[in-house]
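Got the viewer open? Let's walk through this one together, stop by stop.

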2 protein chains.
Amino acid sequence: MTARPANAHQARLLRLLRDGGPSSRAQLGDLVELSRSKLAVEIDRLLETGLVVADGLAASRGGRRSHNIRLAPALRFLGVDIGATSVDVAVTNAELEILGHLTHPMDVREGPVAIFEQVLAMAAKLRASGVAEGFDGAGIGVPGPVRFPEGVPVSPPIMPGWDGFPVREALSQELGCPVMVDNDVNLMALGEQHAGVARSVRDFLCVKIGTGIGCGIVVGGDVYRGTNGSAGDIGHIQVEVDGRQCACGNRGCLEAYFGGAALARDAEHAAREGRSAELAQRLEDEGKLSASDVAAAATAGDTCALELIREGGTRTGQVIAGLVSFFNPGLVVIGGGVTGLGHNLLASIRTQVYRQSLPLATGNLPIVLGELGPTAGVIGAARLTSDHMFSPA
Amino acid sequence: MTARPANAHQARLLRLLRDGGPSSRAQLGDLVELSRSKLAVEIDRLLETGLVVADGLAASRGGRRSHNIRLAPALRFLGVDIGATSVDVAVTNAELEILGHLTHPMDVREGPVAIFEQVLAMAAKLRASGVAEGFDGAGIGVPGPVRFPEGVPVSPPIMPGWDGFPVREALSQELGCPVMVDNDVNLMALGEQHAGVARSVRDFLCVKIGTGIGCGIVVGGDVYRGTNGSAGDIGHIQVEVDGRQCACGNRGCLEAYFGGAALARDAEHAAREGRSAELAQRLEDEGKLSASDVAAAATAGDTCALELIREGGTRTGQVIAGLVSFFNPGLVVIGGGVTGLGHNLLASIRTQVYRQSLPLATGNLPIVLGELGPTAGVIGAARLTSDHMFSPA
């Protein structure tokens, strides 16, 4: 089932059915600027392609009752979200509802061959579970910049072995369907826009704090990727002149101070220095610490853990404050692995942004946690590939 | 002559004629996706409105020679650029070529009534000089955020008395033509895009360093204004934690360190402290110093002036580096009054950005001075109002 819409009207109808679910012809007619006869022609053509099907009688609007229209129930999208330390794979229907979702710990530094072996095994497992026979499209998120038109990662700092790897080519061959590749942060933004906290917001920022820190930028409803696909790479914005050494080679970058990696390192340091009995105990038990240990310690009232979160939030807020002045967004979404740090983190980010940005930019600016957690990326990935499929061929 | 195009095709044809000058029907046909007969219909309708006229025989392409088409030669746009310390007013033809240009020193803090009296007097003077009988549209730039749909300045920090002043309403009544209002920095970006260094660049930043510092943001060829019209307000991005007191009430803002106002203040300070004989002499002669004194002293080889420029460039480069990481532009244009500081300033901005941003974002990133100098704003203003006039009614 690889049909594509023949024109922009059909593409629009398919997206309306994806985002709004089964609809009557009259409902669709209210949303598109087409004459009744032209609408009927386009819907008939879509019915012929098999992309949409008739689906029961619609509610009466006074006239003759007509059939509802919906996207083909057999359509399946695969959403893949490759993080620095884990892989998420999910299957959705045409309305991007998740039918099955698997997650697996994995180090992105193992390289594309090992990772995609794992991804294909997870996709096969989902298929075996009965939620999909095959896939009509797949979206893949990777934790680094992507040359979007070609679907190829470029110079990804935390992904040795991935530079220039033809992700789209390789996977579309294996999966037998079209594949779209994007930066993981852009897909989180798409996910939160499609099904989460950013629904109906046209200009917003989605800051993902995982192992590193990145930012998805949505302008006028569309993801903005920049000239080389590296837009939103905010983890290496300087927060301290001549500050801490960063893995990128510069000094004073945001990621040298915060993000999952920096937080774990600072927590271990604090534990060894005897500044937190709670963290020291956890370090002894587990041999290492992670952001979730800091979250747990903070929940238990550990002041050192709370201070680490507060400092990280302040540093992150410093950078976001600058971006808010520059970009004047309508919403800032905070997501990613360390959102386990929750409202303590959010509070210090908010304090810093509201203090440091101009009132005009912050006057009506919600700063909120993402709603979708680990499903944001896979929903965004499915959305990306469905946007492609529901575009004129 | 207040006709407007009736549909998107006509609007596109008018913009093509504005940007490309007189063209044959065949040339226009190559640029729009219209059948030959449909194109002929739309051009005939435009000829009827008087917005375009026939203009001599076009070069032969083998077939029968046809007439060139051009925008009505009598069309006139007024471009107004209100800076913190001066006002520029210019008249352009339909192709946005400047036919007359006046500039007048003036303090924006005198308020809208005094400023617009001056603007109207300058417009009358231009009319009296014979370059225009009347105006078909006017564009106005002001040095602060603007609620763009209504054409009203909002909370402009350096413009007491302007908050909420109905600029569009008031001026369209006085001038008897449609008026569009925007932030001065956005208009500089539009000007450099239309006729300057940013032609054909789709995603770029235009940093204006005048009395203060602002940034025009162009995304996909269009100015991005943000949710409240304050996008690009980068003068109050923090460059130093707990740094210098800024006029906005915060500490460590970029404008506390650089821009025309900060530079003049630092130069006077240096002169009084005996760090520069050159600047001390100028201060004695003139009673005060400005950015152009620093520029002249630097040209004369004064090391203190050079150091002030270098430091300012480094601070500005710090902020631009962050924006480059975030936005991944295809070009950064530096413009505004202090570009008299020229290549010394540019060199230190470049050094900082190339050192501090990730290689992927700076690999193909030209950082250049604007080409249009003080005409960028008025050309951008004329472009803004022509965009409005050349949109479907």
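**First stop: a helix crossing in chain B**

Start by selecting H9 and H10 of chain B: H9(B) passes H10(B) in a right-handed crossing. (A crossing is left-handed if the near helix is turned anticlockwise from the far one by less than a right angle, and right-handed if clockwise.) Before going on, know that this is a predicted model, where local features need pLDDT of at least 70, side-chain atom pairs count only at pLDDT 80 or more, and totals for chains, interfaces and linings use all residues. Residues are numbered from 1 along each chain as its sequence is written, chains are lettered from A and ligands numbered from 1 in the order in which they are written, and side-chain values use heavy atoms, with hydrogens and water left out.

H9(B) covers residues 277-286 and H10(B) covers 291-299; they pack at about 140 degrees, with axes 10 Å apart. That makes H9(B) oblique to H10(B). Angles under 35 degrees count as roughly parallel, over 145 as roughly antiparallel, 65 to 115 as roughly perpendicular and the rest as oblique. Axes are lines fitted to C-alpha atoms, for helices over the stretch in contact, and angles run from 0 to 180 degrees between N-to-C directions. Helices (H or I, at least four residues) and strands (E, at least two) are DSSP runs, numbered from the N terminus.

Now show side chains. From H9(B), B:Glu278, B:Leu279, B:Arg282 and B:Glu286 meet B:Asp293, B:Val294, B:Ala296 and B:Ala297 of H10(B); contact means heavy atoms within 4.5 Å. The residues of this contact divide into four nonpolar, no polar and four charged.

**Next: H10 and H11 of chain B**

Keep H10(B) and add H11(B), residues 303-327: the angle is about 120 degrees and the axes are 7 Å apart. That makes H10(B) oblique to H11(B), and the crossing is left-handed. Look for B:Val294, B:Ala297 and B:Ala298 meeting B:Ala305, B:Leu306 and B:Ile309. What kinds of residues make up the contact of H10(B) with H11(B)? Six are nonpolar, with no polar and no charged ones.

**Over to chain A: one sheet**

Select S6, S5, S4, S7 and S10 of chain A, which form an open sheet in that order with mixed pairing. (Two strands pair if DSSP finds at least two bridges between them.) S6 (98-105) and S10 (179-183) stand at the edges with a single partner strand each, so one side of each has no neighbour in the sheet. The twist averages 15 degrees from one strand to the next.

Zoom in on S5(A), residues 86-92, which pairs with S6(A) in the antiparallel sense over seven bridges. There, A:Ser86 has A:Pro105 as its bridge partner in S6(A). Add H6(A), residues 184-195: this helix packs on the sheet, touching S4, S7 and S10.

**And another sheet**

Now pick S13, S12, S11, S14 and S15 of chain A, an open sheet in that order, again with mixed pairing. S11 (204-209) and S14 (332-335) pair in the parallel sense over four bridges, with A:Leu205 opposite A:Val332. H11(A) packs on this sheet, touching S11, S12 and S14.

**Last stop: both chains**

Show everything. A turn of 180 degrees and a shift of 0.1 Å along the axis lay chain A on chain B with an RMSD of 0.1 Å, which is the relation of a two-fold axis. (Copies are superposed by least squares on the C-alpha atoms of residues with pLDDT of at least 70 in both.)

Methods:
Nonpolar A, V, L, I, M, F, W, Y, C, P; charged D, E, K, R; others polar.
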